[in-house]
Amino acid sequence: MKKCRVQIIFIVAVIALWEIVYRTGVFPELMFPSIGSIMKSLWTGFAEDELAGMVGYSLSLILRGLSIGILLAFVLSSLSIISKTFHKIYNLLVSVFDLVPGVALIPLAILWFGIGEGPIIFIVIHSIIWPMSRSIIDGFQSVPKIYIESGKNLGLSKFEMVKDIYLPASFSNVLSGMKIGWARAWRGLISAEMIFGTTSAGAGIGWFIFMKRTNVDIAGVFAALIVIILIGIIVEYGFFRVIEKNTIKKWGIRQ
Amino acid sequence: MSAENKNVILQVTNLRKIYEDSDSTKAILDDVNLSLNENDFLCILGPSGCGKTTLLRCIAGFEKFEGTIEVNGVEVRKPNTDRILVFQDFNQLFPWKTVMQNVCYPLIKFGIKDKKEREEIALKYLGKVGLEQYKDFYPHQLSGGMKQRVAIAKALAVKPKLILMDEPFASLDAMTRRKLQKELLKLSKSENVTVIFITHNIQEAIVLGTRIMLMSRSGNFKLDMENTLPRPITPSSEGYAEMWDIFNNALNEESLS
């Protein structure tokens, strides 16, 4: 707690300032709802509007997309270590597709996969696979020669080299790739949900925001944003920081 | 001490190595011939850039070369656990593995399937270098000298036919260096290993080597001496000063030429 004191004070100050601005009445309430009404929307969101279910649905979509995307990024990046030709082609693909925003692919995704979960998962995979591959390949290429030679000295096969030397040696890159990929995928997912609305299987948090906007419930929109931020914080501190602590920090690898 | 009643473990014949990317066609190794007996401790001295490390890397199977290298009668094509390199770089241990895991890992490749058996072997060799109590540490928690000790334990554990040491103690302070020299000397005797040890340090070569060779800038051997000084060898041993002079003069000549 001591380490985050500055951050906590800052957040409290922002909330206080927000409330003060609200009370001065400079902005209409529609644009600038009070902290109280945002909190109330948050409560009713969970109590009445099934916000928890929507969050769960969004998370299940992103988890499915991320696991496929991460797996593909690992397999394809590893192949590019084994084959030089593949490396050249894959590098080109990564550079090209990393530039294409996921949302821009939505029309195509609908055309290919129809309306439903398919196109959303496609967008999530697209969001993570390229930045993650870029990080993994960069990491693989900067593995110190001494580790590679230590591995070769044991007569390791190419597969063993990738699994036991390249991957752990470039783990800090793998992690930062995952972080970037996760953030992009989370953004892409919510954008996609706002455009698709509901699928036959359920509605996600993007749909919640869209509905609140349609009903001009701006406090509700803010409440959804808070939920999105909170999930981001939980993933950062509950997942990434824990992995970091148990891997690169423990191993004394700094980036 | 004649060579006939001993097993030849390494036979290098007409070894030539030219680095392809260099503009000049000068060979870094030019017609090197070397025959090494089992349990020999060969120290190779030589000026920087004379090809000592290249020779070691050829024997380890890391480099392409002309000529033949045979270990126990089998031609060297690529790296294998029968020839283990110990590097100068302290970072040769994998930072993501504990000391124990670092020593155990090559044993998997060596063919020991049982995890418990691997750990027993690892612990035995960590004991030989005095580091059992550090088995759960990560390399970044160890000093340079300790890391090199683990690297030696790791090399010994797979019982290689040859241990190839490329200036393993060169980055250590003088005190630690002497201590590790003593330990290595003891281990090389008790473990019956054959060692090729590259160094810049004449003292180190005389204290450790049963045979000392000097490489010249022209890419072959200039001196080849059996080290018959009575052990343990210290700078005050009889004959030490003479031997030191021989190598020192030869090295000076090399650096002047």
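Colleague: What makes B:Q181 count as partly exposed?

Modeller: Around B:Q181 there are 19 other C-beta atoms within 10 Å. A residue is buried at 20 or more and exposed at 12 or fewer, so with 19 B:Q181 is in between and counts as partly exposed. Keep in mind that this is a predicted model.

Colleague: Where does B:Q181 sit, and which residues is it in contact with beyond its neighbours in sequence?

Modeller: B:Q181 is in helix α5 of chain B. Leaving aside neighbours within four places in sequence, B:Q181 is in contact with B:F169, B:E204, B:V207 and B:L208. Take B:V207: 26 residues separate B:V207 from B:Q181 along the chain, and their C-alpha atoms are separated by 7.9 Å.

Colleague: How do you know that the span of that helix is close to the expected one?

Modeller: Helix α5 of chain B covers residues 174-190, which is 17 residues. The expected span is 1.5 Å times one less than the number of residues, and for this helix that comes to 24 Å. From its first C-alpha to its last, α5(B) reaches 25 Å, so the value is close to the expected one.

Colleague: Which residues of α5(B) are buried, and why do you say that they line one face?

Modeller: The buried ones are B:L180, B:L184 and B:S188. Looking down the axis of α5(B), the buried residues fall within an arc of 70°, so they line one face of the helix. On the other side, B:M175, B:K186 and B:S190 are exposed.

Colleague: What do the buried residues of α5(B) pack against?

Modeller: They pack against β3 (41-45), α4 (144-157), β8 (194-198) and α6 (202-208), which belong to chain B. After the helix comes B:N192, with a positive phi near 55°.

Colleague: Which domains does chain B have, and how many residues are in contact between them?

Modeller: The domain assignment gives domain 1 (3-82 + 163-256) and domain 2 (94-159) in chain B. Across the boundary, 13 residues of domain 1 of chain B are in contact with 13 residues of domain 2 of chain B. On the side of domain 1 that touches domain 2, α5(B) gives the most, with five residues. The centres of these two domains of chain B, taken over C-alpha atoms, are separated by 25 Å.

Colleague: What about the largest nonpolar core: how many residues does it have, and why do you say it lies between the domains of chain B?

Modeller: The largest nonpolar core has 129 residues. Those with the most contacts inside it include A:V124, A:I128 and B:V103. Helix α6 (residues 117-141) of chain A gives the most to this core, with 13 residues. Domain 1 and domain 2 of chain B both contribute residues, so the core lies between them. As for the background, in soluble globular proteins nonpolar side chains tend to be buried together.

Colleague: Why is A:E19 called partly exposed?

Modeller: A:E19 has 13 C-beta neighbours inside 10 Å. Exposed would need 12 or fewer and buried 20 or more, so A:E19 counts as partly exposed. A:E19 is in helix α1 (residues 5-24) of chain A. Its contacts, leaving aside neighbours within four places in sequence, are A:S34 and A:I35.

Colleague: How many helices and strands are there in chain A?

Modeller: Chain A has 12 helices and zero strands. Of its 255 residues, 36% are buried.

Colleague: What is there to say about the phi values of B:D31 and B:N72?

Modeller: B:D31 has a positive phi of about 55° although it is not a glycine. B:D31 is in strand β2 (residues 29-37) of chain B. B:N72, also a residue other than glycine, has a positive phi near 55°, and its place is in the loop between β4 (66-71) and β5 (74-75) of chain B.

Colleague: What makes B:N72 partly exposed?

Modeller: With 13 other C-beta atoms within 10 Å, B:N72 is above the limit of 12 for exposed and below the 20 for buried, so it is partly exposed.

Colleague: Where is the cis peptide bond?

Modeller: The cis bond runs from B:R231 to B:P232, with omega near -5°. B:P232 lies in the loop between β10 (221-226) and α7 (240-256) of chain B.

Colleague: What confidence does the predictor give?

Modeller: Mean pLDDT is 90 for chain A and 91 for chain B. For the complex, the predictor gives an ipTM of 0.89 and a pTM of 0.86.

Terms used
Residues numbered from 1 in each chain as written. Chains lettered and ligands numbered in written order. Predicted model: local features only at pLDDT ≥ 70, side-chain atom pairs only at ≥ 80, totals over all residues. Helix = DSSP H or I, 4+ residues; strand = E, 2+ residues; numbered from the N terminus. Arc of directions from axis to C-beta. Contact = placed C-beta atoms within 7 Å. Core = buried A, V, L, I, M, F, W, Y, C linked by C-beta atoms within 7 Å. Domains from an automatic or database assignment. pLDDT = per-residue confidence, 0-100.
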